[in-house]
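Biologist: I am new to this structure. Please take me closely through one part of it, the charged side-chain pairs, and then show me what the nonpolar side chains do.

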Amino acid sequence: FFFFQAEDGIRDVERSRGLGDVYKRQIQGICSAHPPATQNAVSMLRLWWHENTRVFGDRLTTPGDRTALAELLGAELETAFECSTADLFNAERIIFGDYMQGDSERPYVQISDMKMLVERIEQYLEDYNMEMKPMRLVMFLDACDHVSRICRILRQPQGNALLLGVGGSGRQSLAKLASYISIYKCSQIEVTKGFN
């Protein structure tokens, strides 16, 4: 599962500062797979691709870096696993989540129907608006992908994220929605003049 190469071969996790925690997050995501949904090699490779793009790709800041990661994953997919990216992608995007069924079991499975993903997130938003202070959001595929990423982080032990973006881009709203979907109570500290 580890794919970064150094000049002297595969890089040792212990020598790479901070990479051990990143690698652990990748393995945690793969181990949280729902066994009936990952019965064949291609479905496991989809999960492998998803976890690599979440753990490594979400830390990248430029489109060029993300493209380089996708090329690296594609090359590793073909050489190590003898599978092409054409065989791997059965949907527009490879997204895994545990919120589509909404029941208490919450299996971590691939979401292959993007239209159903958007509809399900919109349903969660409607439910949120009935229980909390309403948020007027337009849920489109990229926003739903971001909500899914935050939900994935929240389901990890000691999961945490630093959401970056310009003001008004929806970081706070999507984080609140993702915490609602993940059945967490969201608390916020507001700094005022008398804050102590």
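Modeller: What follows starts with the charged pairs and then turns to the nonpolar cores. Keep in mind that this is a predicted model.

Let us begin with the count. Searching the whole structure gives 9 salt bridges. Side chains of opposite charge can pair when their charged atoms come close.

Look at D98. Its side chain meets that of R106 in a salt bridge, at 3.5 Å from N to O. Both D98 and R106 are buried. D98 also forms a salt bridge with R155, and here the closest N and O atoms are 3.1 Å apart. This second pair links distant parts of the chain. D98 lies in the loop between β3 (95-97) and β4 (109-111), while R155 belongs to helix α6 (residues 141-155). The two are 57 residues apart.

Is D98 buried or exposed, and why? D98 counts as buried because its relative accessibility is 9%, and buried means under 20%. R155 is partly exposed, because its relative accessible area is 29%, which falls between the limits of 20% and 50%.

Now move to R54. R54 forms a salt bridge with D58, with the closest N and O atoms 2.9 Å apart. R54 is buried, at a relative accessible area of 9%. D58 is partly exposed, at 33%. This pair does not stand alone: R54 and D58 are linked in a network of salt bridges with E92, R93, D142, D145 and R149.

Next, the nonpolar side. In soluble globular proteins, nonpolar side chains tend to be buried together. The largest nonpolar core here has 25 residues. Those with the most contacts inside this core are Y99, L117, I121, M139, V147, L177 and I181. Three elements give two or more residues to the core: α5 (114-131), α6 and α7 (171-181). The largest share, 7 residues, comes from α5.

Take M139 as an example. Which residues does M139 touch, leaving aside those up to four places away in sequence? The list is V118, I121, E122, L125, C144, V147, L174 and L177.

There is also a second, separate core. This one has 16 residues, and L45, L69, L73 and L88 are among them.

Finally, set the two themes side by side. Helix α6 holds R155, the partner of D98 across the chain. Helix α6 also gives two or more residues to the largest nonpolar core.

Conventions: Residues are numbered from 1 along each chain as its sequence is written. This is a predicted model: local features need pLDDT of at least 70, side-chain atom pairs count only at pLDDT 80 or more; totals for chains, interfaces and linings use all residues. Side-chain values use heavy atoms; hydrogens and water are left out. A salt bridge is a side-chain nitrogen of Lys or Arg within 4 Å of a carboxyl oxygen of Asp or Glu. Buried means under 20% relative accessible area, exposed over 50%, partly exposed in between (1.4 Å probe, protein chains only). Helices (H or I, at least four residues) and strands (E, at least two) are DSSP runs, numbered from the N terminus. A nonpolar core is a set of buried Ala, Val, Leu, Ile, Met, Phe, Trp, Tyr and Cys residues joined through side-chain atoms within 4.5 Å. Contact means heavy atoms within 4.5 Å.
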